[in-house]
Amino acid sequence: MEFQCHVDKLDQNVVGVSSPSHPIKIDISNPETFLVSFSQQSVQLDRDIIIDIELSQMKTRTIAAVEKGALMVSFMPNEQDCQQNMNNAANEFLFVIDCSGSMDDDNKIGLARKAMMLFLKSLPINCKFNIIRFGTNFSSLFNKNASVEYNENTMARAESLIRNLSANMGGTELVQPLVWLQKNKPNEGCMRQIFLLTDGQVSNVPQVTNLCSEMAAYTRIFSFGLGHSPSRALVKGLARATNGHFIFIPPNTNADIYVAEQLARALQPSLTNTIIKWKTNQTVLHSVSAHASPIFFGDRILFYALLDESMPFDESTTVEITCKERSEPISIVSIQESISNYNPQTITRLAAKAVLRELQNPSQNTPKELLIDLSIKYGVLCPYTAFIGVEKRFDANSESNADMELHEVAIMPEPIYQRLQTQSTRLDYVSAPFGKSAKKSSIGVGSLFQPFAKFATSFLARKRDNSRINTTPYSNDQSQPKSVADWSTNEQQLVEFFIERQQFDGLWKLTEDDVMKLTSQSCADFSSSLLDKVEKNNQYLIVTTILTIVILEKRCASSKTLWQALSNKAEKRLLELLGGNQTELKQLIEYIRAQLI
């Protein structure tokens, strides 16, 4: 298959183009556009084609596109937008885990335990959390409220539950726990984030997704489909209904890396109560996301409006994005593009698809006739205009069946980050940014272009030996932590050990024996006069915590996605113990790094 994508250079504001899904090459000879095409002749059609476009630091957070019959606005709040909207209300983090009998297959429940332990240890101190198991029925760790304060006590109870987690709850029924959560809403101004792991099918997908849509104003769902046959409609539907994210995890693959990536998203600040205003003389027939669900820093939301095409296009059209908490608009964008006679209808169909999806929610009570009319008018399928043809062949031995073959297509042949890891040795770095200073006219970069290389190193790449995944359940003996003598030199197992050993406040308390076996040095070798003013009880904790961070950085760099949240949490606590002295913390980290042989 041939593939070509023209990317507008936007007056040289595009600094990088990459693909995390396919090998690409980029022709930069045209002064106005980049031409992106596949760098290989044979390309598998087993996954979406993803093109990442990196803009300069001066990029606008709002981009509008227009056709005669539709407007589309892409809005990505910057960190300042989200920080100004932050309040002191604690966010909720809920882990909803499928404990039906099928989770025993391929030890999915064992892999889920590891993901849940990472989730638990990465939570911020001032948050609220809960763990909800579901099968034929459901059970929550803390029953009185949907969530409780995250502290040393509640974390210990959660650890005990995770270590003893079993796939023993029968079928897969998700409505009951969601109804319970809907009845127990979070406090005003509090954002609820749900991490849902499931491997099965449910019979009432529309009911479940509609229930989640009703909670979208204060809930975001990160859904993970495990194994061979999770319900794609369910996993994708839950995420889309709440402006969340979904991931399908192949069989016998650790889930913790995926949970860590999404947890990094969940810990970002957000912008709530956003409203879009279409200021145009044209009649807006339908619009989507007039009142948007919370938008998080680093995420994007799309707004659509279908316009009356019988009216001339209003070239003075502007779009305003506002927030209830602010008197001034967050962003104003003017539609300055002229409409040509050539009308590809791409934006119009995207808008129609979004409108149809929203109107299909039962709470809208949309007449069937309206859905059919919109579907036919814009050429976008809906449940009443989509049909499947089935040919039945009753004689299995007839000649017409002789040449039939069964072809199976995997959901995902291998994790994307694993392919990036294997191809990273073939990266062709280009030091110059896009534009006139670039010397090459065509650049082949395997699966990446330069800006994505740094992203892959810090966010996706992870060395992994899937043939030796540690699926041993956690020990039920919680009286004593494992000895460091049991640690493997294997990077993944070392990270897992540190995850288990971290305290709820983010600190690590290693024994003298631990330090000696990890570094072949004593703890005294890392003491510093910088700690003289700190309470003696805290001096040892500060040293062992910084030492752990340095060891993770030196020995576990390719697993950074897993431990980055733990390290950030630890540094925040260290800063508190040092009275907020950022310079002193940096000096201590550099000192201990220098002392480590």
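This report covers salt bridges, one helix pair, one buried residue and one surface patch in a predicted model.

**Salt bridges**

The model contains 15 salt bridges. Three of them are set out below, each with the distance between its closest N and O atoms.

| Basic residue | Acidic residue | Closest N and O atoms |
|---|---|---|
| R163 | E500 | 3.1 Å |
| R220 | D299 | 2.7 Å |
| R573 | D505 | 3.7 Å |

The bridge between R163 and E500 connects distant parts of the chain, with the two positions 337 residues apart in sequence. R163 belongs to helix α3 (residues 152–163), while E500 belongs to helix α12 (residues 491–501). R163 has a relative accessibility of 13%; because buried means under 20%, R163 counts as buried. E500 is buried too, with a relative accessible area of 16%.

The bridge between R220 and D299 also links distant parts of the chain, 79 residues apart. R220 sits in strand β13 (residues 219–226). Its partner D299 is in the loop between β18 (295–296) and β19 (301–307). Both residues are buried: the relative accessibility is 1% for R220 and 9% for D299.

In the bridge between R573 and D505, R573 lies in helix α15 (residues 560–577) and D505 in the loop between α12 and α13 (512–519), so the pair ties together parts that are 68 residues apart in sequence. The two partners fall into separate accessibility classes. R573 is partly exposed, with a relative accessible area of 23%, whereas D505 is buried at 12% relative accessibility.

Some salt bridges share partners, and in this way K121, E159, R163 and E500 are joined into one network.

**Helices α2 and α3**

Two members of that network, E159 and R163, also appear on the α3 side of a helix contact, and K121 appears on the α2 side. Two packed helices are described by the angle between their axes and the distance between the axes. For helix α2 (residues 108–122) and α3, the angle is about 170° and the axes are 10 Å apart. Angles over 145 degrees count as roughly antiparallel, and α2 and α3 are therefore roughly antiparallel to each other.

Helix α2 contributes R113, M116, M117, L120 and K121 to the contact. From helix α3 come M155, A158, E159, I162 and R163.

**A158 and its surroundings**

Which residues are in contact with A158, leaving aside its neighbours within four places in sequence? They are L120, F129, I131 and L141. A158 is located in helix α3 and has a relative accessibility of 0%, so A158 counts as buried. One of its contacts, L120, is among the α2 residues that make the contact between the two helices. Another is L141, which is 17 residues from A158 along the chain. The C-alpha atoms of A158 and L141 are separated by 7.3 Å.

**A nonpolar surface patch**

On the surface, M1, L45 and I49 form a nonpolar patch. Together these residues have about 300 Å² of accessible area. L45 is placed in the loop between β4 (33–38) and β5 (52–55). The cut-off for exposed is over 50%, so L45, at 62% relative accessibility, counts as exposed.

Conventions:
Residues numbered from 1 in each chain as written. Predicted model: local features only at pLDDT ≥ 70, side-chain atom pairs only at ≥ 80, totals over all residues. Heavy atoms only, no water. Salt bridge = Lys/Arg side-chain N within 4 Å of Asp/Glu carboxyl O. Helix = DSSP H or I, 4+ residues; strand = E, 2+ residues; numbered from the N terminus. Buried < 20%, exposed > 50% of the residue type's maximum accessible area, 1.4 Å probe, protein only. Patch = residues over 30% accessible without salt bridge, like charges linked within 9 Å, V, L, I, M, F, W, Y side chains within 5 Å. Areas by Shrake-Rupley, 256 points an atom, 1.4 Å probe, with all protein chains shown as cover. Axes fitted to C-alpha atoms, helices over the stretch in contact; angles between N-to-C directions. Parallel < 35°, antiparallel > 145°, perpendicular 65-115°, else oblique. Contact = heavy atoms within 4.5 Å.
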